[in-house]
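User: I am new to this protein and would like a close look at one part of it. Please show me how helices pack against one another here, with enough background to place them.

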Amino acid sequence: MLGFGLLNPYKRDPEKHMPPQTTLPMTISEARVYHLSAPLEKPYQTTFGAMTHRQAVIITLGNVEGIAGMGESWINFPLWAPWERVAAFTGGYFPQIIGKMVEDIPGFVRGLWNKNYRAALQSATLGPALQAVCAVEAALWDMQGRMRGLPVGKLFSDTPASRVKMYGSGINPPFLEDAIREVLDRGVETFKLKLGYGDDEDRKNIRRLKAIVGAEGKIAVDVNRSWTFDKTLSWMEYFRDAGIVWLEEPLSIEEQHRYPELLARAAVPLSAGENFLIPPGSSLANEGESGLTFNQFALALDIIQPSVVKNCCFSDAVRLMDQVEKQGKKLWPHFL
């Protein structure tokens, strides 16, 4: 199974970008959560564990008119995350949602977060709490779009892109060569390879993937926060010579504070953001607000990748886009 990420090649016109329309009131009368699981023929191996199943946790929220919206909460790792998330919904958020009227989606979600994040601080579970509230926000926007008869994109912009570029993601050995070649033939030109299996193995995998995608393909690499600062620097010349188009999340959590220093010495574009918490309503200018961890690196990256339904609500990713772009950086919402 080959995953995909999104690249937005379209230059936005700030004059045509508009805030969400006035929300039609929604009185929530029903909330349900579903845990779905499908076994993998071959476990999906990462540097921090093996995934034996593809799983999903989906919620639906229904209003008194019988219109339902759907949202997803990220639960890839750890392997017990689905049960943790189900408990967060049934024992936490759902009792606070049912019976409530929602007239301002971002405001309602901020209220949920502000009411609950201090409890999550007690158990150091800010991430799971945010991943749950992101699903609530997604379901509310889905419901709003259905009430208006509009795709969600039309709630955020009068000219949403009709097409966006995709890149192949989640790639590690054993390579699914037929799948890679198939999507290459369909116009996907960038493929992101997982690193962190040892220097010799990583270089061999880069060479192998380059041989598969050929001259028309491009390669990005993702280290999943498993390298030291010095190790990352030692690879820069190799990445430059190999034509790597971006390096994603190289630094371990212990050394993430060195991103500004790394950016100054990087030979290829740096990308990160999927594991930076961006609580509802956060400003990149206010470090530490409601558990915010994004700004402590002073946006010392070329590509910012807030992870929608994982650590950033969709409306916050849209809201922060202008701030990121004004600093000459790219914002590519992340999702797996």
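**Helices side by side**

Analyst: Let's start with the whole protein, which exposes about 15,700 Å², 53% of it supplied by carbon and sulfur atoms (Shrake-Rupley method, 1.4 Å probe; for residues, only the protein chains shown count as cover). This is a predicted model, in which local features need pLDDT of at least 70 and side-chain atom pairs count only at pLDDT 80 or more, while totals for chains, interfaces and linings use all residues. Residues are numbered from 1 along each chain as its sequence is written, and side-chain values use heavy atoms, leaving out hydrogens and water.

The protein has nine helices and twelve strands (DSSP runs numbered from the N terminus: H or I of at least four residues, E of at least two). Of its 336 residues, 48% count as buried (under 20% relative accessible area; exposed is over 50%, partly exposed in between, with a 1.4 Å probe and protein chains only). Among contacts (heavy atoms within 4.5 Å) with a separation of 6 or more, 72% come from residues 24 or more positions apart.

Now for the close look. Helix 1 (residues 81-97) packs with helix 3 (residues 126-148) at an angle of about 55°, their axes 10 Å apart (lines fitted to C-alpha atoms over the stretch in contact, with angles from 0 to 180 degrees between N-to-C directions). That angle makes helix 1 oblique to helix 3 (under 35 degrees is roughly parallel, over 145 roughly antiparallel, 65 to 115 roughly perpendicular, the rest oblique). The crossing of helix 1 with helix 3 is right-handed (the near helix is turned clockwise from the far one by less than a right angle; anticlockwise is left-handed).

Which residues of helix 1 and helix 3 meet? Helix 1 brings Glu84, Arg85, Ala88, Phe89, Tyr93 and Ile97, while helix 3 brings Pro128, Ala129, Gln131, Ala132, Val133, Ala135 and Val136. In this contact, ten residues are nonpolar, one is polar and two are charged (Ala, Val, Leu, Ile, Met, Phe, Trp, Tyr, Cys and Pro are nonpolar; Asp, Glu, Lys and Arg charged; the others, Gly among them, polar).

Another pair gives you something to set beside it. Helix 6 (residues 199-213) and helix 7 (residues 229-242) pack at about 20° with axes 13 Å apart, and are therefore roughly parallel. Helix 6 also passes helix 7 in a right-handed crossing. Among the residues that meet are Asp199, Arg203 and Lys210 of helix 6, with Lys231 and Trp235 of helix 7. This contact divides into five nonpolar, no polar and six charged residues.
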